[in-house]
Amino acid sequence: MAFEDLLEDPVIQKYLHELVGPKGMPVAAAPPDGEVTDEELAEELDLELNDVRRALFILYENDLATYRRLRDEDSGWLTYLWTFEYDNIPENLEEEMYRLHEALDDRREYERNHEFYLCEICSIRFEFGEAMDFGFECPECGSPLESMDNDRLVNAMDDRLASLEDELNLDA
């Protein structure tokens, strides 16, 4: 997928936004060709230098940017030249999907293997042991805790897991 096409994809835009946040999004959404310094990016995008550096570091941590250091012979100061590596985005998204699948599968098993009670006034959910400790009364308002049916939640998780398994070509 071409570099420009990647940035036009709403899924990738959302992924970048989740990584760098609203202050870092201008950095992630407009990567320059070739190497650039953090100071140049801050000036070009009219952003605070710390916001640019934070976004660059997050991109670096996620293998979406690299840098090389140059030391000024006279002053000894280090200059970092940044390059964006957005070819890794599809692989990163796939890894995120696998992590989501694993977490959702674990949560589904937790929901299946526990009995829950709900305070309908406070909307607080308790496991059976907690509800028993409180005498099946809400510790906040004192109203009785009602047995909670979480079948709709488990079914929604089943549907989402099936969808992820289909996208990832996993055997259920």
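The following questions and answers introduce a predicted model.

Visitor: Which residues does UniProt list for "domain: HTH TFE/IIEalpha-type", and how far apart are the end C-alpha atoms of that stretch?
Guide: The UniProt record, an unreviewed entry, lists residues 8–90 for "domain: HTH TFE/IIEalpha-type". Over residues 8–90 the chain is 53% helix and 19% strand. The C-alpha atoms at the two ends of this stretch are separated by 14 Å.

Visitor: Which element gives the largest share of the largest nonpolar core?
Guide: In soluble globular proteins, nonpolar side chains tend to be buried together. Here the largest nonpolar core has 24 residues, and those touching the most other members are Leu16, Val20, Leu59, Leu64, Phe84, Tyr86 and Ile89. Two or more residues each come from helix H2 (10–29), helix H3 (38–45), helix H4 (49–61), strand S3 (78–84) and H5. The largest share, eight residues, is that of H2.

Visitor: Which residues is Leu59 in contact with, leaving aside its neighbours within four places in sequence?
Guide: Leu59 is among the members of the largest nonpolar core that touch the most others. With the neighbours within four places in sequence left aside, the contacts of Leu59 are Leu16, Val20, Ala28, Leu64, Ala65, Phe84 and Tyr86.

Visitor: How many residues are in the other core that lies apart?
Guide: Tyr117, Cys119, Cys138 and Leu145 are among the members of this other core. It lies apart from the largest core, and its number of residues is six.

Visitor: Why do the buried residues of H3 line one face of the helix, and which exposed residues are on the face turned away?
Guide: The buried residues of H3 are Asp38, Leu41 and Ala42. Seen down the helix axis, they fall within an arc of 100 degrees, so they line one face of H3. Their cover includes H2, strand S1 (36–37), H4 and S3. The face turned away from the buried side carries the exposed residues Glu43 and Glu44.

Visitor: Which salt bridge links H3 with H4, and what is the distance between its closest N and O atoms?
Guide: Side chains of opposite charge can pair when their charged atoms come close. Arg53 lies in helix H4 and Glu39 in helix H3, 14 residues apart. Arg53 is partly exposed at 36% relative accessible area, and Glu39 is partly exposed at 41%. The salt bridge is that of Arg53 with Glu39, and its closest N and O atoms are separated by 3.4 Å.

Visitor: Is Arg108 buried or exposed, and which residues share its network of salt bridges?
Guide: Arg108 forms a salt bridge with Glu109, with 3.7 Å between the closest N and O atoms. The relative accessibility of Arg108 is 14%, under the 20% cut-off, so Arg108 counts as buried. Glu109, by contrast, is partly exposed at 30%. Salt bridges with shared partners join Arg108 into one network with Asp105, Glu109, Arg112 and Asp158.

Visitor: Where is Glu115 found, and which side chain is joined to that of Glu115 by a polar contact?
Guide: Glu115 is in the loop between helix H5 (89–112) and strand S4 (116–119), and it counts as partly exposed at 41% relative accessibility. Residues up to four places away in sequence aside, Glu115 touches Phe126, Glu127, Phe128 and Ser147. A polar contact of 2.7 Å joins the side chain of Glu115 to that of Tyr117.

Conventions. Residues are numbered from 1 along each chain as its sequence is written. This is a predicted model: local features need pLDDT of at least 70, side-chain atom pairs count only at pLDDT 80 or more; totals for chains, interfaces and linings use all residues. Side-chain values use heavy atoms; hydrogens and water are left out. Helices (H or I, at least four residues) and strands (E, at least two) are DSSP runs, numbered from the N terminus. Buried means under 20% relative accessible area, exposed over 50%, partly exposed in between (1.4 Å probe, protein chains only). Contact means heavy atoms within 4.5 Å. A polar contact is a pair of N or O atoms within 3.5 Å; within protein, one must be able to donate a hydrogen and the other to accept it, and residues adjacent in sequence count only if both atoms are side-chain atoms. A nonpolar core is a set of buried Ala, Val, Leu, Ile, Met, Phe, Trp, Tyr and Cys residues joined through side-chain atoms within 4.5 Å. UniProt positions are given in the numbering used here, feature names are shortened, and annotations may be inferred rather than shown by experiment. The arc is that of the directions from the helix axis to the C-beta atoms. A salt bridge is a side-chain nitrogen of Lys or Arg within 4 Å of a carboxyl oxygen of Asp or Glu.
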